[in-house]
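Thanks for making time for this one. I would like to walk through a single chain, going from the overall layout to the packing of a few side chains, and I will try to keep each statement to what the coordinates support.

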Amino acid sequence: MNTKDLILEKTLKLILDKGTIDISISEIRNSTKLTTGGIYYHFSDKSDIFEAILQKYMVDYIKIDFDKIILEGSSREKIHDTLLYILHHFINGVEIKSINEKINYRSVMYLLTATGYAEDKVTSIISQTGKDIEIFLAGLVEEGKRQNEIRKDFSTKNIVESLFIMYMGIQYFWLTFANDNTDLTFEKNFDITWQAIKCQ
């Protein structure tokens, strides 16, 4: 692992452990075993470190790599697997290699959002990611309509909105109530939504 990533990972761990971004350079120095000069070689100041943490562990993490989604089977399976992949993307956590541990994304998001570091930049990325998900789902819904698996009397826009609202409800449920049964909650709600949109 390179020194810059080590600084980011150790600082993030300090932030999460303390529950605040009020971390001193001496704490970062003790955690990384680097000199102050070694830290400032890579970052101009503490604010620069926090901005890099925000970029790596929130902005970059929020983005979805749609190319990694395996699309096989019926339209129901493709839409189901897409939404579950996106949900797991957030639930599975942020890997911190230097401590061989995954940090719950919920903790990272709450802490960085609460500190004010997640304002415009993250809001913009979240908004764009939502639009990207909707576009991706619209393609799957259109395909389902062509294959007579999804109702044609509902607009694609309305179906995508229903799927997206269902998904966002599950993500909000996970963020709000640290529930171990997120997958079960997802399956139940997806089944209900699918019954409404499938060809009758």
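The protein chain has nine helices and two strands, and I should say at once that this is a predicted model. Read along the sequence, the elements follow the pattern α-α-α-α-α-β-β-α-α-α-α. Of the 200 residues in the protein chain, 42% are buried, and if we take the contacts with a separation of 6 or more, 70% of them are accounted for by residues 24 or more positions apart.

Let me begin with the N-terminal part and with helix α1, where I picked out two residues. Leu-8 lies in α1 and is buried, its relative accessible area being 4%. Leaving aside neighbours within four places in sequence, Leu-8 is in contact with Phe-43, Ile-49, Ala-52, Ile-53, Lys-56 and Tyr-57. Leu-8 is also 20 residues from Ile-28 in sequence, with a C-alpha to C-alpha distance of 9.3 Å. Lys-4 has its place in α1 too, but this residue counts as partly exposed, because its relative accessibility is 39%. With neighbours within four places in sequence again left out, Lys-4 is in contact with His-42 and Phe-43, and the C-alpha atoms of Lys-4 and Phe-43, which are 39 residues apart along the chain, are separated by 8.3 Å.

Moving on to helix α2, which covers residues 25–32, the buried residues there are Ile-25, Ile-28 and Thr-32. Looking down the axis of α2, these buried residues fall within an arc of 60°, so they line one face of the helix. The general reason behind such a pattern is that an α-helix has 3.6 residues a turn, so residues three or four places apart point the same way. As for what covers the buried residues of α2, the list includes α1 (3–18), α3 (36–42) and α4 (46–62). Just after α2, Lys-33 takes a positive phi of about 65°.

Now to the interior. The largest nonpolar core has 51 residues, and those with the most contacts inside it are Ile-49, Ile-79, Leu-83 and Leu-163. The elements that give two or more residues to this core are α1, α2, α4, α5 (75–91), α7 (120–146), α8 (156–176) and α9, and α4 gives the most, with ten residues. To take one of those well-connected residues, Ile-79 touches Leu-137, Leu-140, Val-141, Ile-150, Leu-163, Phe-190 and Trp-194, not counting residues up to four places away in sequence.

Those last two contacts bring us to helix α9, and a geometric check seems a sensible place to start. At 1.5 Å a residue, the 16 residues of α9 should span 22 Å, and the C-alpha atoms at its ends are indeed 22 Å apart, which agrees. Which residues of α9 are buried? They are Thr-182, Thr-185, Phe-186, Phe-190, Thr-193, Trp-194 and Ile-197. Viewed down the axis of α9, the buried residues fall within an arc of 155°, so they line one face of the helix. The face turned away from that buried side carries the exposed residues Lys-188 and Ile-192, while the cover over the buried residues of α9 includes α5 and α8.

Thr-182 gives a residue-level view of that cover. Thr-182 counts as buried because its relative accessibility is 4%, and, apart from neighbours within four places in sequence, Thr-182 is in contact with Leu-87, Ile-91, Ile-170 and Trp-174.

Finally, the aromatic side chains. The count comes to three aromatic pairs. In one of them, the rings of Phe-186 and Phe-190 have their centres 5.8 Å apart and their planes at 20°, so the pair is stacked, the cut-off for stacking being under 30 degrees. Both Phe-186 and Phe-190 lie in α9 (residues 182–197), four residues apart, which is about one turn of the helix, and both are buried. Ring pairs link Phe-186, Phe-190 and Trp-194 into a cluster. Elsewhere, the charged end of Arg-151 sits over the ring of Phe-154, 4.0 Å from its centre.

Technical notes. Residues numbered from 1 in each chain as written. Predicted model: local features only at pLDDT ≥ 70, side-chain atom pairs only at ≥ 80, totals over all residues. Heavy atoms only, no water. Buried < 20%, exposed > 50% of the residue type's maximum accessible area, 1.4 Å probe, protein only. Arc of directions from axis to C-beta. Contact = heavy atoms within 4.5 Å. Phe/Tyr/Trp six-rings, centres within 6.5 Å; stacked < 30°, edge-to-face > 60°. Lys NZ or Arg CZ within 6 Å of the ring centre and 35° of its normal. Core = buried A, V, L, I, M, F, W, Y, C linked by side-chain atoms within 4.5 Å. Expected span 1.5 Å × (residues − 1).
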